[in-house]
Structures are given as structure tokens and as C-alpha cells.
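Subject: The structure we talked about

Hi,

Here is the structure I promised you, with the sequence alongside. Have a look at it first, and then read on for what I found.

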Amino acid sequence: MSLGYAEKLSYIEDVGQVGMTEHFDPPHVLEEKIERLTMMIQKSKHLVVFTGAGISTSCGIPDFRGPKGIWTLQREGKALPEASLPFHRAMPSITHMALVELEKAGILKFIISQNIDGLHLRSGIPREKLAELHGNSFMETCPSCGAEYLRDFEVETIGLKDTSRRCSDANCGAKLRDTVLDWEDALPPKEMNPAERHCRMADIVLCLGTSLQITPACNLPLKSLRGGGKIVIVNLQKTPKDKKASLVIHGRVDKVIAGVMEILNMQIPPFVRIDLFQIILSQGLSLDKKFVNWTLRILSVHGQKAPLPFIKSVEVSFLDNQDYKSATLQSQPFLLKRRTVKAKSFEMVLRLNFSEGCGSSHAEINIPVDFKVSADCMNLNKEVVFQRLIDETVQDSFCGKNAVIERKAIMIPKSEVTVYAIVTNIIRYTKSLKTLAIDSLSNGDVKRQRESINGSATSRKRSKRQKRKYRF
């Protein structure tokens, strides 16, 4: 989490009541309530989950009203908490991944989120089954054609403002906008309409880690009551909606949801993060036509001027060839220019040194170079490639696995563009009422354990009703 994120939260939240007291149900009461919640979920025909900041505190993202929440610390004149990870590297919690499994099993029908951290999408919840009421710090949208672009970096603006990028649709090209609402922005119909519809259909609205104080979002769960639905609240603080709820659980969200998954005998899937980047190799003959002048660029897939946040530096070396000097590219854009005798071919080795928050320190990619640019394009099914990388990574517990997903030729200037998918994190989750651990596995047996913490709260968000198109 960056300071910019905390500032965004300050912009988009009403101050309201802060520093609320945390309450914990006694262990035997908590266990009984978890069993009761599990029975309700088993009987449910249309389960909707309504999430707030409390489900992301165990990801290193602070809430608002908890003892270490942003508003609590601001009121007390204390500094905001230091981030354990960069915001763009925050990983989904046990709760996020449990919801993914419940959705895949057909139990969970829809999620309504007040958070702007993008972790529901990152965890694998389908976009059509998610309403992000207050926007997404990593999402840009086209106001003209409605296309959405999920980024691996924080979008630089808030308040539905124009960003520095344009829609990539050749028939559009409009300026893109951020999706995070400023305080005066109304909740967007594009998100609110499906949220209201699913709440009316719900037989259970499960509220997780939210204080249910920010209007109008906090009133959405109440819409289920008119059709005979029930509200369940899991939060460490009391909420104004507790009296309307059929069940109120004062416990850490991760612990409660892990308990539910244990009783349901359902596994919490590991989280495998896959990032994308592109390598562009351009070439041109020297004036005497004896040499090839070539340029290597390692860039973001989101545009040549977009940041590549998960790569810190690139080391370039050459296999079995003493004619070329190695090089270290320390700053973005990562670019190397060289000259080669026309007939020579060689093999480059790129060592990608990862940034803080990745599951391993580096990965290596070998690139054969013969300067023959093929006119044939290769465009593989991304979902198939992603799933294969995920399966291999889960099996081997090894970060850095990569695969080509696209290759194309550009004739002027003569270039070959190759898009890679690469695994930069794997996290396994252990579900237990007694022990909650998250094992972060990289190229070895590095492990970290985080205790899951629940809190409260929310934010606000966006506008304009368009057909959803979703792009990376």
C-alpha cells in the first residue's frame, strides 16, 4: 500500500464515527455461530456477499475504524501505518480465495464490494459476478465504448478523471478515465443496478468486514429483507444494521470464513499471481549493410510509457559468445542498443530481477536471436496458458515459470514483439479454526505467516452505464 492509496481513502470516505470498540465472541459462542452460518449457507439458493475494508486488513491494507484504522490514527494525530508490501503487490486474503471457491461451486452468486483494492478481481472472481461500488485503483474505463482495462499499477488519478492513456480499440481511441469515485460522485448505475437486483433476489446477504455506515451502499443488504431474505454480519465492531441481522458474528473475518470452509469440507485454493510484459527486438541494417543495429526493449503490455512495477532491473548476458558484453539495465524503460555482424546468430539470457513483494528474487528467460522476423503471428488462448502456468506452479511451488502468449511482427521498423506471462507469486492458505497461516512459496521454502485481522469500513465510487468489455 502506498501513501497515495491512503490519500485516496481519505478523499472517498465520509469521516463518520471512528475508533469504534472491537468485540470478540467467546470461543464457544464463535464456534456455534460459525456452525449456524455454515448451515445457512448450505441451505441458501442465492447467496450474496457484501464486503468492506475488514476483509483486506490481513493483506496489509488498513481499515478505517479499527484501532489501527486510517481514521482512528488521523483523529489521534498519529502517523499512518507503514505498508508491509507495495499496494500493487497486495495479495488476496483467505477470505478472498474462499469466496472464489464458493463462486466456482455455484454457492456464491454475487459479490458487492466497497473496496478499491482490486483484490476480488485479482483473486479470480468473474467481473460479471462483481460490483465494485467505489471503483478500482487498478482499473481504467473508456467512457465512449465501455471497455475496461485492468492494470498492474495504480492508476494515477481519482474522481473519474482522464488518464494519460487511450482506448486500444482501433475504432474508438477515446481517452481513458480512472474508476475511483471522489467524495461528491454518485454511485454508478453500472455497479449499483446489478448490486440492487442481486440483493432483492438474495436469501442471504453475508456482510464481511464492513461497518455498514456509508450511505447509500450500506442500505443495499436491507433490500433482501423485503423478499424474506436474511442478513448476516461478520465484523469486529458493532454496526447500525445489527438489529436487522439474523446473525451477528464478532470475530476475525478470515477465522470465520476458514471455519465455514472447514465444515463444508471445501479447500481454499492457492493464489497464483501472473503478470505480463513484452519484449520488443527491433533491427535495421547499417549504411554499409555489413552490420545489424538492434534494440532490445522490455516493456509493460499496457503501453510503452506505462510503468512495469514488478521488475526492478534486467541483466542481459549472451550464451557461448565472448563477442558481446553483458549489461545491466537499471531503470525504466529497459533498453539495450547493440551492433552485430549481419550473419551472426546468438542466444541472449535475460535475468529479470523482481521488485519487492514478488515471491522470488528473479527469473531467467532465454531468447534465441537470428534476426529473421517471421510474418506469421502467434496468439494463444490466454486463459489456457494461464491455467497451465497455475497448475504447474501449484504442483512445483516454484515462482518464475513463464510462457509466451503472443508473438507478432512489425515490418516498419522491422521488429518482433513477444508477450510473456510470468508467475510472480504463489500463496497457499491453511484453513483451521485453531491455526490460520499463509505460506508464501517462492524458489525455495521461504514462508511467512500473517495473522488475519478483521476491521470495518468502506469508500465510494463511479458512473456511466455501458456494456462491459474487459481487457488486460
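In which sense do strand E13 and E14 pair, and over how many bridges? Strand E13 (residues 311-318) and E14 pair in the antiparallel sense, over three bridges. Please keep in mind throughout that this is a predicted model.

**The sheet around E13**

These two strands belong to an open sheet of four strands with antiparallel pairing, in the order E14-E13-E16-E17. Strand E14 (327-329) and strand E17 (362-369) are its edge strands, and each of them pairs on one side only. From one strand to the next, the twist averages 20°.

On its other side, E13 pairs with strand E16 (residues 346-354), again in the antiparallel sense, over seven bridges. Glu315 is a handy residue to click on here, with Arg351 as its bridge partner in E16 and Thr328 as its bridge partner in E14. For the E14 side you can also look at Val316, which stands opposite Ala327.

Val316 turns up again if you select Leu296, a residue of strand E12 (residues 291-299). Is Leu296 buried or exposed? Its relative accessible area is 0%, so Leu296 counts as buried. Apart from neighbours within four places in sequence, Leu296 is in contact with Ile279, Ile280, Leu281, Val316, Phe334, Leu335, Leu336, Met348 and Leu350. One of these, Leu281, is 15 residues away from Leu296 in sequence, yet the two C-alpha atoms are 4.8 Å apart in space.

**The chain as a whole**

Stepping back, the chain has eight helices and 22 strands. Of its 472 residues, 57% are buried. Among contacts with a separation of 6 or more, 68% are between residues 24 or more positions apart. The chain exposes about 20600 Å², and carbon and sulfur atoms supply 50% of that area.

**The parallel sheet and its helices**

There is also an open sheet of six strands with parallel pairing, and its order is E3-E2-E1-E8-E9-E10. Strand E3 (130-132) and strand E10 (247-249) stand at the edges with a single partner strand each, so one side of each has no neighbour in the sheet. The twist here averages 15° from one strand to the next.

At the E10 end, strand E9 (residues 230-234) pairs with E10 in the parallel sense over three bridges. Val234 is the residue that stands opposite Ile249 in E10. Helix H7 (residues 253-264) packs on this sheet and touches E8, E9 and E10, with its direction at about 140° to that of E8. Helix H6 (residues 189-201) lies across strand E1 (47-51), strand E2 (108-113), E3 and strand E8 (204-208), and runs at about 135° to E2.

H7 deserves a second look. How many of its twelve residues are buried? Nine of the twelve are, so H7 is largely enclosed by the rest of the structure. The buried ones are Val253, Asp254, Val256, Ile257, Ala258, Gly259, Val260, Met261 and Leu264. Their cover includes helix H2 (27-43) and helix H4 (94-104), as well as E8, E9 and E10. The length of H7 also checks out, because twelve residues at 1.5 Å a residue should span 16 Å, and its end C-alpha atoms are 16 Å apart. Just after H7 comes Asn265, with a positive phi near 60°.

**A buried glutamate**

I saved Glu140 for last, as you may enjoy it. Glu140 sits in strand E4 (residues 139-141). With 0% relative accessibility, Glu140 counts as buried. Which side chains does the side chain of Glu140 reach through polar contacts? Thr163 is one of them, joined to Glu140 by a side-chain polar contact of 2.4 Å. Arg165 is another, and its side chain makes a polar contact of 2.8 Å with that of Glu140. Beyond neighbours within four places in sequence, the contacts of Glu140 include Ala147, Glu148, Tyr149, Arg151 and Val155. Leu176, Arg177 and Thr179 are also in contact with Glu140.

Happy browsing, and best wishes!

Notes
Residues are numbered from 1 along each chain as its sequence is written. This is a predicted model: local features need pLDDT of at least 70, side-chain atom pairs count only at pLDDT 80 or more; totals for chains, interfaces and linings use all residues. Side-chain values use heavy atoms; hydrogens and water are left out. Buried means under 20% relative accessible area, exposed over 50%, partly exposed in between (1.4 Å probe, protein chains only). Contact means heavy atoms within 4.5 Å. Accessible areas come from the Shrake-Rupley method with a 1.4 Å probe; for residues, only the protein chains shown count as cover. Two strands pair if DSSP finds at least two bridges between them. Axes are lines fitted to C-alpha atoms, for helices over the stretch in contact, and angles run from 0 to 180 degrees between N-to-C directions. A polar contact is a pair of N or O atoms within 3.5 Å; within protein, one must be able to donate a hydrogen and the other to accept it, and residues adjacent in sequence count only if both atoms are side-chain atoms. The expected span of a helix is 1.5 Å times one less than its number of residues.
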